[in-house]
Amino acid sequence: RQLLRPEQQQQQQQQQQQQQQRQQCQPPPQHQCRLAATSAASAEVEAVPAAAATQPAANLVTLLRGRGLLQDVTSDELEKVAATTCLPIYVGFDPTADSLHLGNLLGIIVLAWAGACGHPPIALCGGATGRVGDPSGRSSERPVLTEAEIQGNVDAIAGTLSTILGRAAKQLSLSPDGSVHYSTAPSSSSSSSSSDAAEQVMVLNNLDWFGSM
């Protein structure tokens, strides 16, 4: 057995601690987190196997650009990938209040279109990031809230997002030719597929993996 000098032992311990922290922050790639809740106030996050990728119903990047909802992309290859691969799409929501505001509308619309195209939409509530200062360069920081207030805001926002995105998943669909279909009252023949689409909506709280740090 190799003997290590004190400084080498300390370095090894630090590396092991860093590895443990990375494992806590990064869930296994073969799993996704889904918010399973009977109510917004009593929510539990459970790991479920990632759904097998299917062919998207439409190209999300092309659709968003055509509707004037896209300003920039990080890579020109994204549009090609979005045409053949279902990619999880997430939007973050800041829990500084117990309700959403007009500025959240664009993100919700994008998530709704992502779900209609076949990409798993993820609404991410900032239960952890809401506990730190606002890094956006504003002249004033986030209001200082208690942990109970932040959790109450997360529960309220999560319930609203689940309702809006679940309804969109049931009522908004795309045909292979790209035509859009809206349904205010899904028929019994389409109720099964609509329910399946609504179940694909995920509302997560980043405190669930940052809380132990």
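**Exercise 1. Determine which way the side chains of β4 point, and whether they are buried or exposed.**

Solution. This is a predicted model.
Step 1: Split the strand by direction. P121, A123 and C125 point one way from β4. I122 and L124 point the other way.
Step 2: Recall the general pattern. In a regular strand, side chains alternate between the two faces of the sheet.
Step 3: Check burial on each side. The residues of both sets are all buried. The cut-off for buried is under 20% relative accessible area.
Step 4: Conclude. 5 of the 5 residues of β4 are buried, so the strand is largely enclosed by the rest of the structure.

**Exercise 2. Find the sheet that contains β4, and state its strand order and pairing.**

Solution.
Step 1: Order the strands. The sheet is open and has 3 strands, in the order β3-β4-β7. The pairing is parallel.
Step 2: Find the edges. β3 (89-93) and β7 (202-205) each have a single partner strand, so one side of each is left without a neighbour in the sheet.
Step 3: Add the twist. Neighbouring strands are turned by 25° against each other on average, direction ignored.
Step 4: Count bridges on each side of β4. 5 bridges join β3 to β4. 4 bridges join β4 (residues 121-125) to β7.
Step 5: Fix the register. I89 stands opposite P121 in β4. A123 has V203 in β7 as its bridge partner. C125 stands opposite N205 in β7.

**Exercise 3. β7 is an edge strand. Establish whether its two faces are covered.**

Solution.
Step 1: Take one side. M202 and L204 are buried there.
Step 2: Take the other side. V203 and N205 are buried as well. Both faces of β7 are therefore covered.
Step 3: Look closer at V203. Its relative accessible area is 3%, so it counts as buried.
Step 4: Look for a partner remote in sequence. V203 and L161 are 42 residues apart in sequence, but 7.3 Å apart in space, C-alpha to C-alpha.

**Exercise 4. Test the lengths of α4 and α5 against 1.5 Å a residue.**

Solution.
Step 1: Take α4. Its 13 residues should span 18 Å. The end C-alpha atoms are 19 Å apart, which agrees.
Step 2: Take α5 (residues 147-171). Its 25 residues should span 36 Å. The end C-alpha atoms are 36 Å apart, which agrees.
Step 3: See what follows α4. G118 comes next, with a positive phi near 105°.

**Exercise 5. Describe how α4 and α5 pack on the sheet and on each other.**

Solution.
Step 1: Place α4 (residues 105-117). This helix packs on the sheet and touches β3 and β4. Its direction makes about 160° with that of β3.
Step 2: Place α5. This helix lies across β3, β4 and β7. It runs at about 165° to β4.
Step 3: Compare the helices. They pack at an angle of about 40°, with their axes 9 Å apart.
Step 4: Classify the angle. α4 and α5 are therefore oblique to each other. Their crossing is right-handed.
Step 5: Name the interface. I108, L111 and A112 in α4 meet L161, I164, L165 and A168 in α5.
Step 6: Relate spacing to direction. Residues three or four places apart in an α-helix point the same way, because there are 3.6 residues a turn.
Step 7: Check burial. Among the buried residues of α4 are I108, L111 and A112. Those of α5 include L161, L165 and A168.
Step 8: Identify the cover. The buried residues of α4 are covered by elements including α2 (60-66), β3, β4, α5, β5 (172-174) and β6 (180-182).

**Exercise 6. Locate P95 and list its contacts beyond four places in sequence.**

Solution.
Step 1: Locate the residue. P95 lies in the loop between β3 and α4.
Step 2: Check exposure. At 2% relative accessibility, P95 counts as buried.
Step 3: List the contacts. They are G126, G127, G130, L145, I150, N153, V154 and I157.
Step 4: Cross-check with α5. I150, N153, V154 and I157 are buried in that helix.
Step 5: Take one pair. P95 and G127 are 32 residues apart in sequence and 6.7 Å apart in space, C-alpha to C-alpha.

**Exercise 7. Set these elements in the whole chain.**

Solution.
Step 1: Count. The protein chain has 7 helices and 7 strands.
Step 2: Read the pattern along the sequence: α-β-β-α-α-β-α-β-α-β-β-α-β-α.
Step 3: Give the buried share. Buried residues make up 27% of the 213 residues.
Step 4: Weigh the contacts. Of those with a separation of 6 or more, 69% join residues 24 or more positions apart.

How values were computed: Residues are numbered from 1 along each chain as its sequence is written. This is a predicted model: local features need pLDDT of at least 70, side-chain atom pairs count only at pLDDT 80 or more; totals for chains, interfaces and linings use all residues. Side-chain values use heavy atoms; hydrogens and water are left out. The expected span of a helix is 1.5 Å times one less than its number of residues. Buried means under 20% relative accessible area, exposed over 50%, partly exposed in between (1.4 Å probe, protein chains only). Two strands pair if DSSP finds at least two bridges between them. Axes are lines fitted to C-alpha atoms, for helices over the stretch in contact, and angles run from 0 to 180 degrees between N-to-C directions. Contact means heavy atoms within 4.5 Å. Angles under 35 degrees count as roughly parallel, over 145 as roughly antiparallel, 65 to 115 as roughly perpendicular and the rest as oblique. A crossing is left-handed if the near helix is turned anticlockwise from the far one by less than a right angle, and right-handed if clockwise.
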